[in-house]
Amino acid sequence: MNPLAMLDAAGVEDCRPWPRRVLSRPDWSALVAALKADAQPALLALWADTAQVHALLLDEAMATVLPVSVAVEAGRYPALSPARPLAAWFERLVHDLWGHVAEGGRDARPWLDHGRWPHAQPMAPRPGPPSTAANPPELLPAEAEDLMQVPLGPVHGLIGEAMHVRLTARGDAVLRAESRLGYTHKGTLVLMRGKSPRAAARFAARLAGDATVAHSLAFARATEAALDMAAPPRAAALRAAMLELERVAGHLDALAVQADAAGLAGLHSMLSTMREHLLRGIGAAFGHRLMMDCVVPGGLAADVAPDGVAAILAPLEALEPDLPLMRRRCQALLGRLDGLGVVSRVAAFAWAAGGVVGRAAGRAFDVRRFDPACPAPTPPEEHVGDAATRGRVRLAQIADGIRLVRAVLAALPEGPVSVALPTASGEGIGCAESVRGDVWHWLRLDHGQIAAAFTRDPGWSLWPLAEAAIAGARVEEADAILHSFGLAASPVDL
Amino acid sequence: MPRRFLPGPLPAAEPSGPVDAETTASLAARLNAAAQRRLGRSLAIRHVNTGSCNGCELEMRALRGALYDLERFGLRFVESPRHADVLMVTGPLTRNLRAALEAAWDATPDPKWVVAVGDCAVDGGVFKGSYAVENGVGTALPVDLTISGCPPTPARLLAGLRALLEAHAGER
């Protein structure tokens, strides 16, 4: 049976703007069986609260999001990972945070819990005694004698992420890459619980420094959806511009990191100088170079500075004439990345990979389509899916982002930039396009306080795809491939 | 008319203001003469991420760009703690990363210094009190210098690092 038809028949709980289906246990199992036979809808996220497990499915053809839930009975629920491999990491997270066991799951090893917390299952009504999870965490063993294992991290790279990737190689050839995250877990979801949306927004803003606007915005939109309200038009327009600015700066940074790693000092210097001038303009306009805490539920923390629009436009105007030169000079970098770390179109759709990775592989999904304040972005026409293509997509997105910022700022509406939030209850979902792809936030408010929340960073699908892309490459190419994905650990580790 | 980035010579590094005398004095008191003889006016920095959101890393990376040009002061980032004089630590020190931080500290040869970068590393920042964090680098290692901010701007980072450099060069 078509999984979408099954969902249409299910009972519904109130969740804006996409109602949440609640399935009985047999129906959930039937859904898993139906999903096995059908590649659509794709899975975006799986998470839980104390009573239910929730899945966020995406019907790409209809551009509709389908939240689905099943009750947890005796601490167990039927696993989704046999039908959607992406669910395996989420099931490990659900077990480590809430203690719910995925029956028939593909992988039961601990994920976030490295055996160092004062109590296990911190999100459960009654957290357990400390777990005995291995530290350092257990990884898959090498199966043959002539294999060697190359560990990368958790302290890795010049100025990098805290993560661990274990390469299993025969000679120079990587046979398998296994990433192990959870190192940067800070207990964000527990810290958000019981707070007002305005107070909890500080935690959403600190999930990822390079996607702070995107996470703040998705969180704010989820709150506004739950309360059935909208930010004022001026705030909506400024948010669209801020999101583009963050993405342009992020792409410049990602390319600069790659140029640095490849030893291209001149290109690194050019890209980081462009980025620095842009960040100074942003700092003058919004009071913070990364725009952290600037987007809040209900609108913006403050209006743009009186001369802020000029401060943003000046570096963009300086940047624009140099774009053709930047593209030419980037060829030296892209030439080295040709054919490296391929993500196929099929994989991009199956894992719902967004952002640069998805677009380079021919999946153009972009949640900016849900934002009426954002002019239509130019969809890229790429499909090769290798690291060089990802670089080309970044270059195209920089040019397109500049165009969108100018279009939005040229028609900036007047008026207030925030509205007061009512003290009410409700449930909502919000999304925003980050430098890595689509960020999703879900939350449930109980009389103005957060009762439960979850966030899905695009990293959830990018890390497994990066693992697959490294397998088959040479050991010394692994870092270049990781850089081309622009991965971050913190927003996935929560 | 906005200034163009290129073509033309690469942008020159910008002038950097005087170093904060008070910070310099307090740091100088911590450093012994033997260390200064061995290290001179140069410091190798190893970054250790103990759970940062990557905001601090973004601003630290800016230091390596042409406008701040960290290396003109004799400061450089290195890949291994075995080559480092300074551990620059970001993040609130998650419980899951304490062992990694201690391993990096043990691998760093003496004499060595610890710089806590960002509000998280100083005392846990907004994550203070969470079950999963240890409320800052100071709970695990002796901290010589703190650079606050969320994240600290590159100018602030540079001022802090130069103070560290001056402190142990000034006592030679």
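**Note on two antiparallel sheets of chain A**

1. β8(A) is paired with strand β9 (residues 164–170) of chain A through 5 bridges, the two running in the antiparallel sense; the model in which this pairing is seen is a predicted one. Within this pairing, Gln149(A) has Thr168(A) of β9(A) as its bridge partner.

2. The pair belongs to an open sheet of 3 strands, ordered β8-β9-β10 in chain A and antiparallel in its pairing. Because β8 (148–152) and β10 (173–180) of chain A stand at the edges and have a single partner strand each, one side of each is left without a neighbour in the sheet. On average, and with direction ignored, neighbouring strands here are turned by 20 degrees against each other.

3. Helix α14 (residues 459–470) of chain A packs on this sheet, where it touches β9 and β10 of chain A, and its direction makes about 165 degrees with that of β10(A).

4. Another open sheet of 3 strands in chain A follows the order β13-β14-β15, with antiparallel pairing. Its edges are taken by β13 (426–433) and β15 (449–456) of chain A, each with a single partner strand, so that one side of each lacks a neighbour in the sheet. From one strand to the next, the twist averages 15 degrees.

5. Strand β14 (residues 438–446) of chain A is joined to β15(A) by 7 bridges, and the two run antiparallel; Arg444(A) has its bridge partner in β15(A), namely Ala452(A).

6. Across β13, β14 and β15 of chain A lies helix α6 (residues 212–226) of chain A, which runs at about 150 degrees to β13(A).

How values were computed
Residues numbered from 1 in each chain as written. Chains lettered and ligands numbered in written order. Predicted model: local features only at pLDDT ≥ 70, side-chain atom pairs only at ≥ 80, totals over all residues. Pairing = 2+ DSSP bridges. Helix = DSSP H or I, 4+ residues; strand = E, 2+ residues; numbered from the N terminus. Axes fitted to C-alpha atoms, helices over the stretch in contact; angles between N-to-C directions. Contact = placed C-beta atoms within 7 Å.
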